[in-house]
Amino acid sequence: MPKHVAIILEGNRRWAEKRGLGPSQGQEAGARTVMENVKDYFSMGINTVSLFAFSTENWGRPGDEVKYIMDMFEKIVKSEMPNLRRYGVKVSVIGKRTNIPESLLHLIGEAEEATKNNKEKQLIMALDYSGKFDILQACKSLAEKAKNGLINIEDIDENLMDKELMTSCSEFPNPDLLIRTSGEQRISNFYLWQSAYTELYFPSVLWPDFGGAEYLEALDWYQKRQRRFGLRV
Amino acid sequence: MGGEVRQLLEQIHRFSRRCLFRVLSMGPLPTHLAFIMDGNRRYAKKRGLEDGSGHKAGFSTLMSMLQYCYELGIKYVTIYAFSIDNFRRKPEEVQSLMDLMLEKIKSLLDEESIVHEYGIRVYFIGNLGLLNDQVRAAAEEVMKATAKNSRVVLLVCVAYNSTDEIVQAVKRSCVDKADRDVERIQLVDIEENMQMSVAPEPDILIRSSGETRLSNFLLWQTGNSQLFSLDALWPEIGLRHLVWAILNFQRSHSYLEKRKKQL
């Protein structure tokens with residue numbers, strides 16, 4: 001079983017288009033899927049689940065849609081907080097915080113504070129996150145440490161980078177399995193460094209239709225890959 | 001008689017390939033293709049051959065694929081020839097791979113080699129200090145000899161790991177900005193210090209033998225690349241796989257263009 005599953009939630013817009021609905025209804029359906037299924041993502045010993053909701057690239061979308069995605073995010077966090085606390089899930093939000101509205105930032109802060117002592121399960125929400133940006137901020141942090149004499153530049157290695165990346169908030173920073181729905185076979189600048197050895201799964205189902213059964217299929221697929229890997233010389 | 005027939009067949013293949021490529025070129029073509037050439041050992045095992053012949057067959061497939069790519073007009077091709085992780089294999093295998101690499105790298109300097117036929121500029125990307133002196137020297141010689149070629153580019157990742165490449169770029173960026181404000185380090189600084197900065201990001205990454213991992217290859221550069229995992233083992237890869245990947249690329253490309261216009 002994977003210890004860390006990462007999911008790129010793609011397909012809300014196409015789902016809405018297919019039904020003749022507006023993009024905001026697509027985002028709402030997507031949010032509902034998260035809320036209905038999030039606790040089941042941790043079944044079978046999975047420790048960390050990362051959701052890629054929003055990236056720097058999305059800022060290019062029309063203003064209304066960006067606002068709607070933020071509102072949805074707020075809704076998910078508010079609605080799911082009691083559940084997450086009950087199930088002992090630690091909530092972490094990673095990404096650039098500079099363009100996120102105050103109200104959402106405040107909510108995120110509260111959620112992180114309230115769940116910071118939970119250990120066995122962790123939900124990482126990647127909001128305005130980009131893999132390159134993550135590496136850049138790690139680089140700046142290391143440069144700062146070097147400037148202050150805490151480390152030598154020559155000592156910078158993969159381990160030090162791991163500790164500086166935003167995923168260092170988890171005991172299992174590197175996903176074993178990455179799922180991207182809607183059939184697009186790209187990582188779109190989600191986890192880059194962290195995906196070095198991640199199994200990549202690209203089901204064609206659109207995100208709002210990705211329920212419990214589809215998740216189990218993904219885990220089943222993952223298990224088969226591991227078995228083949230074990231048999232190889 | 002046999003030789004003439006073979007030559008004739010070769011001519012026919014070339015001609016039909018040219019027609020096929022002309023059709024493909026009517027749609028958008030990738031500028032940069034990357035390959036993870038996986039499955040040589042399994043291929044040898046499957047055919048009951050000794051290990052080394054899998055890699056030899058793989059090299060032959062590589063030459064064909066390069067030929068097709070450059071004929072089609074793809075300017076950059078990157079291949080994952082040897083990972084830093086591969087040094088952990090059995091010493092005999094590592095040695096035989098190094099020997100094969102030395103032989104093949106040297107052959108690139110031959111008059112009849114593909115390098116001269118297509119005017120290829122070759123780069124060896126990776127932690128070359130980890131290679132033995134002979135292989136490193138041969139690699140450096142090829143880079144020097146092809147430095148003036150500008151038609152097409154071949155990037156050979158050897159003794160390479162993407163995380164290693166990123167760490168080296170991060171270190172260089174730290175050194176560059178050591179005296180100035182650390183805050184001023186930007187993405188472009190890291191980007192410039194990446195060994196792969198001599199090429200644009202790959203449009204397509206193809207991995208053979210059915211594995212669906214990047215295995216620490218071009219992590220920084222493939223953030224937006226279309227990823228294909230083909231079941232065929234590397235020596236079984238052929239023109240049809242390349243055409244299939246490009247058709248998929250074209251289909252996805254037109255969808256993305258449509259989306260961009262909608263926004």
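**Close-ups of a predicted model**

**View 1. A cysteine tucked away in chain B.** B:Cys157 counts as buried because its relative accessibility is 0%. This is a predicted model, and in it B:Cys157 takes part in no disulfide. Look for the nearest cysteine sulfur and you land on B:Cys69, 15 Å away.

**View 2. Two chains, two cysteines, no bond.** B:Cys174 is buried too, with a relative accessible area of 2%. The nearest cysteine sulfur belongs to A:Cys139, at 4.2 Å. Since a disulfide needs sulfur atoms within 2.5 Å, B:Cys174 is in no disulfide. Searching the whole structure turns up 0 disulfides over all chains.

**View 3. Helix α2 of chain A, end to end.** This helix runs over residues 23–37, which makes 15 residues. At 1.5 Å a residue they should span 21 Å, and the end C-alpha atoms are indeed 21 Å apart, so the two agree. Plenty of names to look for here: the buried residues of α2(A) include A:Gly26, A:Ala29, A:Val34 and A:Asn37.

**View 4. A cavity in chain A's lining residues.** There is 1 cavity of 30 Å³ or more, and the largest cavity has a volume of about 60 Å³. A:Val34, buried in α2(A), is one of the residues lining the largest cavity, and others include A:Leu51, A:Val91 and A:Met125. Which helix gives the largest share of the lining? That is α3(A), with 5 residues. Both α3 (63–86) and β4 (121–127) of chain A supply at least two lining residues each. As for character, the lining has 10 nonpolar residues, no polar ones and 1 charged; the charged one is A:Glu80.

Note on methods. Residues numbered from 1 in each chain as written. Chains lettered and ligands numbered in written order. Predicted model: local features only at pLDDT ≥ 70, side-chain atom pairs only at ≥ 80, totals over all residues. Heavy atoms only, no water. Helix = DSSP H or I, 4+ residues; strand = E, 2+ residues; numbered from the N terminus. Expected span 1.5 Å × (residues − 1). Buried < 20%, exposed > 50% of the residue type's maximum accessible area, 1.4 Å probe, protein only. 1 Å grid on protein atoms, 1.4 Å probe; cavity = no way out; pocket = protein on both sides within 12 Å on 5 of 7 lines; lining within 4 Å. Points joined across faces, edges and corners; volume = space filled by probe spheres on them.
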